[in-house]
Protein chains: 6
Amino acid sequence: MFYHDSKLQYNVRVEKPNPEFARMLQQAIGGIEGEMRVCMQYLFQAWNSRGPQKYRDMLLETGTEEIAHIEMLATAVALNLEGAPLSLQEEMAQDRVVGAVMGGMNPQHILSAGLGAMAVDSNGNPFNGSWIVSSGNLAADMYANVMAESTGRLLATRLWEATDDPGMKDMLSFLIGRDTMHQNQWLAVLEELGGLNGVHPIPNSFPQAKENQEFNYAFVSTKINDEDGAAERMKSARWGNGPSMDGKGEFRVIPATPVGGLPKLAPPDPRGHAQQEQMEGSGM
Amino acid sequence: MFYHDSKLQYNVRVEKPNPEFARMLQQAIGGIEGEMRVCMQYLFQAWNSRGPQKYRDMLLETGTEEIAHIEMLATAVALNLEGAPLSLQEEMAQDRVVGAVMGGMNPQHILSAGLGAMAVDSNGNPFNGSWIVSSGNLAADMYANVMAESTGRLLATRLWEATDDPGMKDMLSFLIGRDTMHQNQWLAVLEELGGLNGVHPIPNSFPQAKENQEFNYAFVSTKINDEDGAAERMKSARWGNGPSMDGKGEFRVIPATPVGGLPKLAPPDPRGHAQQEQMEGSGM
Amino acid sequence: MFYHDSKLQYNVRVEKPNPEFARMLQQAIGGIEGEMRVCMQYLFQAWNSRGPQKYRDMLLETGTEEIAHIEMLATAVALNLEGAPLSLQEEMAQDRVVGAVMGGMNPQHILSAGLGAMAVDSNGNPFNGSWIVSSGNLAADMYANVMAESTGRLLATRLWEATDDPGMKDMLSFLIGRDTMHQNQWLAVLEELGGLNGVHPIPNSFPQAKENQEFNYAFVSTKINDEDGAAERMKSARWGNGPSMDGKGEFRVIPATPVGGLPKLAPPDPRGHAQQEQMEGSGM
Amino acid sequence: MFYHDSKLQYNVRVEKPNPEFARMLQQAIGGIEGEMRVCMQYLFQAWNSRGPQKYRDMLLETGTEEIAHIEMLATAVALNLEGAPLSLQEEMAQDRVVGAVMGGMNPQHILSAGLGAMAVDSNGNPFNGSWIVSSGNLAADMYANVMAESTGRLLATRLWEATDDPGMKDMLSFLIGRDTMHQNQWLAVLEELGGLNGVHPIPNSFPQAKENQEFNYAFVSTKINDEDGAAERMKSARWGNGPSMDGKGEFRVIPATPVGGLPKLAPPDPRGHAQQEQMEGSGM
Amino acid sequence: MFYHDSKLQYNVRVEKPNPEFARMLQQAIGGIEGEMRVCMQYLFQAWNSRGPQKYRDMLLETGTEEIAHIEMLATAVALNLEGAPLSLQEEMAQDRVVGAVMGGMNPQHILSAGLGAMAVDSNGNPFNGSWIVSSGNLAADMYANVMAESTGRLLATRLWEATDDPGMKDMLSFLIGRDTMHQNQWLAVLEELGGLNGVHPIPNSFPQAKENQEFNYAFVSTKINDEDGAAERMKSARWGNGPSMDGKGEFRVIPATPVGGLPKLAPPDPRGHAQQEQMEGSGM
Amino acid sequence: MFYHDSKLQYNVRVEKPNPEFARMLQQAIGGIEGEMRVCMQYLFQAWNSRGPQKYRDMLLETGTEEIAHIEMLATAVALNLEGAPLSLQEEMAQDRVVGAVMGGMNPQHILSAGLGAMAVDSNGNPFNGSWIVSSGNLAADMYANVMAESTGRLLATRLWEATDDPGMKDMLSFLIGRDTMHQNQWLAVLEELGGLNGVHPIPNSFPQAKENQEFNYAFVSTKINDEDGAAERMKSARWGNGPSMDGKGEFRVIPATPVGGLPKLAPPDPRGHAQQEQMEGSGM
């Protein structure tokens, strides 16, 4: 169950509202790298958690924290939209810098949201539930989380570069800091689960003897006409020779060769109404 | 530039076609864990690659290999659909096991694809380009790739459990093996890039001094009414104390406390046509 | 800011797990009538709230409660999936009723979620942020909320009919009760805002004198060849005569008549590369 | 069955074409508040109508009228695009106000539609069938319709503010007037169906005795650390005490308390290939 | 402007309702091959029509007819859903054939639509506005229309095969006939526009001298390791030699050869926060 | 199976990077007219190919070529983004023309892709697998392909108009040329399959005697109040009289007349919880 107070987790100040920046901030709310995604991802992982209790606990904690991050960003969007132009003629009457603003805004901030935040990204694409990963495998989930916090922190640093508003820079430095923690936190679980050797290949509960033993540590090279030395670069790279990262195989490079022969499908079922010529002429 | 021969990378045999399994296999084609995603993800990462040449090379190699995996799976879907029922009465005339089949099929396999593979997942959701991660940051991309191969191998092992067709099990054991390699391969890049300490926090090019220094290694606990000892579990976990995974901080646990005060938005702009009472009654 | 304890708001018991019912329950999580939608809708309305404080307060309260409803339903899905068949042969070996189950399941419950809940509806469509309404107009938002709780309660009663599991029926009777409250709650705001006469037409801050005065209380009838008396039914209905619901006009019925003449677009701009004949032959 | 003449329902004049306004108008065509949605919503409700004939009649009438509204708006978009810049250099050669235009346009108006209207919203998001509500319950549908006409009229008034073209303002004043009528019209049905007391809780055909009787008229407060008096505001509001809006209960405020205990999921099914440690360590 | 009567364009009879067939019929309503798509496609093409008046006329006629087809199919869905099972236990109590039905239904037909039609396809994917093609080029639009009517008629014949209900077969034979007409109708426009030679390459208003003259009639072969004689098959096919279909070139086969050299991107912009190693090590 | 070298199929040069043009180029990558669509469409058609071998061969060739087109365009996007502004203040400090740029960019090019290409269209809508047509009927597929290459060439000519960068114009003239070939190539298959008379109506394997014989060559006119002579234009057009394009019927024009009577649905099933009044009042 969940509770709230009405205060923000951290300061959200906007000294000079900028509706174009409001549009950019939406990426951190409803984008694939954004807070709605991590919030729901951690909560679903918690609710679906099967296995040691402490992972459910942790996921619930951090998922709950992320709701407060959506709240902060939604507030930042609303504040950046205050004073935004609401008519095209207003824009034109003013100076050029303002003139550019309305074209660079998300028009739905005016038309659909009345100068508030939306559940969309910086291009106005709606948040999409398919982005929420809760696989039932704890290690796979942790990599999904490290990845989410890596692209999330990357996004926050780019937003930090895009603005010179001190209030916004301060808020973003907080979110960047939280992402640092969260990257570390999910990596800590992977260490607890056994590190590279214990964790991989994911899932580690599938008997590895049942996977194909010829191709499971081979780098398959599809390159032809190699005039620029790529093959050599592949062979000498970390993934081209030496022990594999999981310690369970030896890396090597092999050329791509088709093992599977020509595929051969049956002629069409007549009731599927392919064209007549497909049924007659299979030998053509 | 790209080339092809007409052969399959590995054997695709179906001993006993099963249209319900065809539907499940679609997850490995057009699902978020599937081959279209990794194929396009690696190719876009290659095409956008800025920095050392060898990473572009590698991504292009493996992206190209993945096209062949889509090809194998598409062939497997088409073969599993051969002999599928095309009419509801046919289904009813036959025994019950067959009777269940049509309801469990993807009806578009009959209606839209004429018993062929589609660019959709196991629920018929179309493949979605938003899943393709190419962030411009090599380490973030590598985690996206490890994650994709982890959920991808997990999916393949579940498909392996779902079928007892020896041909399908053989094909899946090949794909499982390839996913093992690919997990290792992306991890090898992360090692080359400096391992946990060198790589994190991602992006490592943002001056870490500019992130908030109070909250960047703190586990924020939102739990209240802790009757079941979660707090204790958090404090003694790997992420609750000791050096952080990136070696750049010290983990600790702090209670969630609002620092940011009550948010305060301005009254609505009249031209946004909020309800009259919202403009008058801001003090209510 | 938000907090949690680890307990459920209400009992979630499943006596006899049913994976088909798990699929149906997904509609109440990730469907347009579901809890993710109302949760996010109320929270965004709160965060964007401009005007009297008490509406922000209330929206934050109920938005927070809804997170606990997602949690309950996610738990119910996970419990209903326990013991689900994971392979097609298993299905076939058992009796027919079970035989039908796997075809009626969401295959992603097996393949993508490892028998857990997902952010999707009963057809596996991902949750979509475009459903979240936060318009900046309090009365419009309240109608969006009444509507969401009406279709939501309708959904819950249909789920109640679909199952005979006493645990599930109990949980649903709680959610049905909550929806009763929430319908009433949003209607209470509409009363506070002035009732039908005070609230409508929404937005009430647009000077009504500026809307077209000929067509604003007229029922436009597009019916031709009226052999079954529809015109009569329209004229005698509540919307065909008498004072309008907002008390600001008089209902009447008028036949559809085009006022606007034939539309006339200019010939294509040559650089838009219409077909040659479109540019030459505008008079044809 | 449906018929047409080639004339517009009302005047569509554009004195000074503005491609940025064309982009904004798209919200009223393909947006969630737009005419495609209400058109299809009313028609589907009509076609699915079970019960008194006159509601089917009315829905068919107004659904048919809405097709003419899409037509008007599509014409308005096409007219606003006439003379739009088609090349980036053209833009740069001209003055700044024009200079801003191309960036603020929907690029697909140039590239995909050849200066015509599209089935998308103001951000280029395609129209989405999930927005069409036809629930089978007449009262729920009516609220969906009131809500659609409320956000629709709100949108139209914002478009009215955004332009100073007299032709466009005239067209919008007509659409605003029609939305006034349509709000009233759906409300008239709700009155016919019994008003608040007769209609609620929706659906009124579910025996209310079967819903939970403890929580069905209680405002659940999730607020903690209430330093700003929200609790008091809740208790004295219309929804905090006194008779409920449907006249079937008494409002009261109760604090959120978990009744449901800790959720407990079974360990993972081994064939779902959770990580090994999840299966071993459930007690951790 | 548009009008209606309340009658159906053609008979819609269902002798034996079948909820699984209702699900399949949805493909013809909200699927990419369905009637909502052609309806909106023809209407948007009409509304955007620039050039000879008669094409606008024709598109408006047929677009209006298609609304009646959606109506027929929606009615057919509603009729096929009558008597459908609404609870899982009901299903289990009955015989096996019925037992399979609920799993094969669209669960939203029960939960969201109250046994009515929806704006979705046979997998429950919502109708999507991106499918609507109105390009501004009449010939391109005509091919989009021929294609839509080809896949549409294909779909209708497959639905015809899937059912043995005489009422449904009769309705489908009508729709199949209409699709025959519509294929012919769009082809007639292409003939009027000049046939293959006059129409192609589309757009014919782009000066063909400005396209690359080396590659515009060459079949580029990407095949390597050609052991099965594909090259020979390509050379002797209609597209491998002889005059091109538009009569403006000569077909020939050439091997794929890269002309463009190695792509070379600049190092990352530091403010985009690539990983440090990408900026340093561009030469690696 | 697939192979690559690292070179581009054709030159990709950008003399003066333009981030707004980068956004427009995305339409040719991830838009419905773009290269991802044709690439995947041809490959899926090849993989699903049932019937004469040479069509599988050809589809595989051209599908493989299209991967190289995505590669070229992705490279063009990345090159056009070099030097793009990354902060709003930078924009404002510079002159107005640059000032307009950031608002006209895809913000995700900065925030999500680090100045690289994405799998989206010019509005940032993600590529969508539903666009990929592989119907199982060769003739229907060929029309889908002609249509894709027609809108594709149209798009390329519009991009050609939008830029004056000589490198970009050169690249586009190559792509325009390739689209000329591909239009001709798919038309060649249609000729091989029998031309209009042999191919239509598609599918030609459905016994035409089973389609409705009254309506299959009739133009149905829904026009009423015909004051502008549309009826006459319809009758004298190619589709209004004379032999049909497939040579199997005679065109004629008939007025739209409802044959199907009033639809009549049963009252609601009580367990679907329609409103009480719907069940009682069916006769109203």
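The following exercises, each with a worked solution, concern a predicted model.

**Exercise 1. Fold and spread of chain A**

Determine which secondary-structure elements chain A has, in what order they run, and why its radius of gyration matters for describing its overall form.

Solution.
1. Begin with the inventory: chain A contains 11 helices and 3 strands.
2. Next, place them in order. From the N terminus, the elements follow the pattern β-α-α-α-α-α-α-α-α-α-β-α-β-α.
3. Then compare the radius of gyration with the globule rule. The value for chain A is 26 Å, whereas the rule gives 19 Å for 284 residues; chain A is therefore more spread out than a compact globule.
4. Finally, add the dimensions: along the principal axes, the C-alpha atoms of chain A fill a box of roughly 70 × 60 × 50 Å.

**Exercise 2. Burial, contacts and charge in chain A**

State what share of the residues of chain A is buried, what share of its contacts is long in sequence separation, and how its charged side chains are distributed.

Solution.
1. Apply the cut-off for burial, which is under 20% relative accessible area. Of the 284 residues of chain A, 75% count as buried.
2. Consider the contacts in chain A with a separation of 6 or more: 72% of them involve residues 24 or more positions apart.
3. Turn to the surface. Chain A exposes about 7000 Å², and 53% of this comes from carbon and sulfur atoms.
4. Count the charges: there are 22 positive and 35 negative side chains in chain A. The centres of these two sets are 5 Å apart.

**Exercise 3. Two interfaces of chain D**

Describe how many residues and how much area chain D shares in its contacts with chain A and with chain C.

Solution.
1. Recall the usual yardstick: interface size is often expressed as the accessible area lost when the parts come together.
2. For the contact with chain A, chain D contributes 46 residues and chain A contributes 53. About 4100 Å² is buried between chain D and chain A, with 52% given by carbon and sulfur atoms.
3. Identify the leading contributors on this side. Arg158(D), His273(D) and Gln275(D) supply 16% of the area that chain D buries against chain A, more than any other three residues.
4. For the contact with chain C, 107 residues come from chain D and 107 from chain C. The two chains bury about 9100 Å² between them, 65% of it on carbon and sulfur atoms.
5. In chain D, the residues losing the most area to chain C are Glu61(D), Phe206(D) and Trp239(D), which together make up 7% of what that side buries.

**Exercise 4. Backbone exceptions**

Locate the cis peptide bonds before Pro201(A) and Pro201(E), and the positive phi values of His273(D) and Leu115(E).

Solution.
1. Set the background: most peptide bonds are trans, and most residues other than glycine have a negative phi.
2. In chain A, the bond from His200(A) to Pro201(A) is cis, with omega near -10°. Pro201(A) sits in the loop between helix H9 (195-199) and strand S2 (218-221).
3. In chain E, a cis bond joins His200(E) and Pro201(E), with omega about -10°. Pro201(E) belongs to the loop between helix H9 (195-199) and strand S2 (218-221) of chain E.
4. His273(D), not a glycine, has a positive phi of about 50°. This residue occupies the loop between strand S3 (252-255) and helix H11 (276-280) of chain D. Its relative accessibility is 3%, so His273(D) counts as buried.
5. Leu115(E), likewise not a glycine, has a positive phi of about 65°. The loop between helix H6 (107-111) and helix H7 (138-162) of chain E holds Leu115(E). At 7% relative accessibility, Leu115(E) is counted as buried.

Conventions. Residues numbered from 1 in each chain as written. Chains lettered and ligands numbered in written order. Predicted model: local features only at pLDDT ≥ 70, side-chain atom pairs only at ≥ 80, totals over all residues. Heavy atoms only, no water. Helix = DSSP H or I, 4+ residues; strand = E, 2+ residues; numbered from the N terminus. Rg over C-alpha atoms; globule rule 2.2 N^0.38 Å. Buried < 20%, exposed > 50% of the residue type's maximum accessible area, 1.4 Å probe, protein only. Contact = heavy atoms within 4.5 Å. Areas by Shrake-Rupley, 256 points an atom, 1.4 Å probe, with all protein chains shown as cover. Lys, Arg positive; Asp, Glu negative; His and termini not counted. Charge placed at Lys NZ, Arg CZ, Asp CG, Glu CD. Buried area = accessible area lost by both parts, 1.4 Å probe.
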